[in-house]
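Biologist: I'd like a close look at one part of this protein, the loop that catches your eye, and then how the rest hangs around it. Keep it chatty, but tell me what the numbers say.

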Amino acid sequence: MKREINMGLFKKKESAYDKQIGGNHYNRFIIQPADFINKNKLLFAEGNAIKYIMRHPHKGSGKQDLQKAIHYLEMIIERDYSNHE
């Protein structure tokens, strides 16, 4: 009797960080922004600022991505430093 082995059981499961839905502007990085953000447990605004800074030269919305990053940095300043002035 010939025994068959299901090789699918031995395949490495694809990580959510190995794929991108809608474009490929994050796939070019050694460390994807989401992976960096999550591993460092950054807050939402900090994470978005990093994401927009990293992708601005690679996605069609370059200048707008930098404006979005600035907007998130302004939110961080308001959130963390508005009572310190």
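Modeller: Let's start with K41, which counts as exposed because its relative accessibility is 72%, over the 50% cut-off. K41 sits in the loop between α1 and α2. Bear in mind that this is a predicted model. The backbone is the odd bit here: phi of K41 is near 50°, a positive value in a residue that isn't glycine. That catches the eye because most residues other than glycine have a negative phi.

How far can you trust the prediction? The protein chain averages a pLDDT of 86, and 84% of the residues score at least 70. Helix α1 (residues 33–39) has the lowest confidence, with a mean of 95, and α3 has the highest, at 97. A word of caution for any weaker stretches: where pLDDT is low, the predicted coordinates should not be read in detail.

Staying on the outside for a moment, I30, I31, F36 and L42 make a nonpolar surface patch of about 410 Å². One of these, I31, is found in the segment before α1. I31 counts as partly exposed because its relative accessibility is 47%, so it falls between the 20% and 50% cut-offs.

Now step past the loop into the helices. A45, A49, Y52, A69, Y72 and I76 make up the largest nonpolar core, which has 6 residues in all. Helices α2 and α3 each supply at least two residues of this core. Take A49 as an example: leaving aside neighbours within four places in sequence, A49 is in contact with A69, Y72 and L73.

Then come the charged pairs. Searching the whole structure turns up 4 salt bridges. In one of them, the side chains of D65 and R55 meet, at 2.9 Å from N to O. Since D65 lies in helix α3 and R55 in helix α2, this pair ties together parts that are 10 residues apart in sequence. And are the two partners buried or exposed? D65 is buried, with a relative accessible area of 0%, and R55 is buried too, with a relative accessible area of 8%. Both count as buried because the cut-off is under 20%.

D65 has other company as well. This residue of helix α3 (residues 62–81) is in contact with Y52, R55, H56 and K59, if you skip its neighbours within four places in sequence. Y52, you'll recall, is also one of the residues in the nonpolar core.

Another of the salt bridges joins E46 and R79, with the closest N and O atoms 2.5 Å apart. That pair links distant parts of the chain, with E46 in helix α2 (residues 44–55), R79 in helix α3, and their positions 33 residues apart. R79 is partly exposed, with a relative accessible area of 40%. R79 also forms a salt bridge with D80, where the closest N and O atoms are 2.6 Å apart. D80 is partly exposed too, at a relative accessible area of 30%. Through shared partners, these salt bridges join E46, R79 and D80 into one network.

So, back at your loop: K41 is exposed at 72% relative accessibility, between α1 and α2, and α2 in turn meets α3 through the D65 and R55 salt bridge.

How values were computed. Residues numbered from 1 in each chain as written. Predicted model: local features only at pLDDT ≥ 70, side-chain atom pairs only at ≥ 80, totals over all residues. Heavy atoms only, no water. Helix = DSSP H or I, 4+ residues; strand = E, 2+ residues; numbered from the N terminus. Contact = heavy atoms within 4.5 Å. pLDDT = per-residue confidence, 0-100. Buried < 20%, exposed > 50% of the residue type's maximum accessible area, 1.4 Å probe, protein only. Core = buried A, V, L, I, M, F, W, Y, C linked by side-chain atoms within 4.5 Å. Patch = residues over 30% accessible without salt bridge, like charges linked within 9 Å, V, L, I, M, F, W, Y side chains within 5 Å. Areas by Shrake-Rupley, 256 points an atom, 1.4 Å probe, with all protein chains shown as cover.
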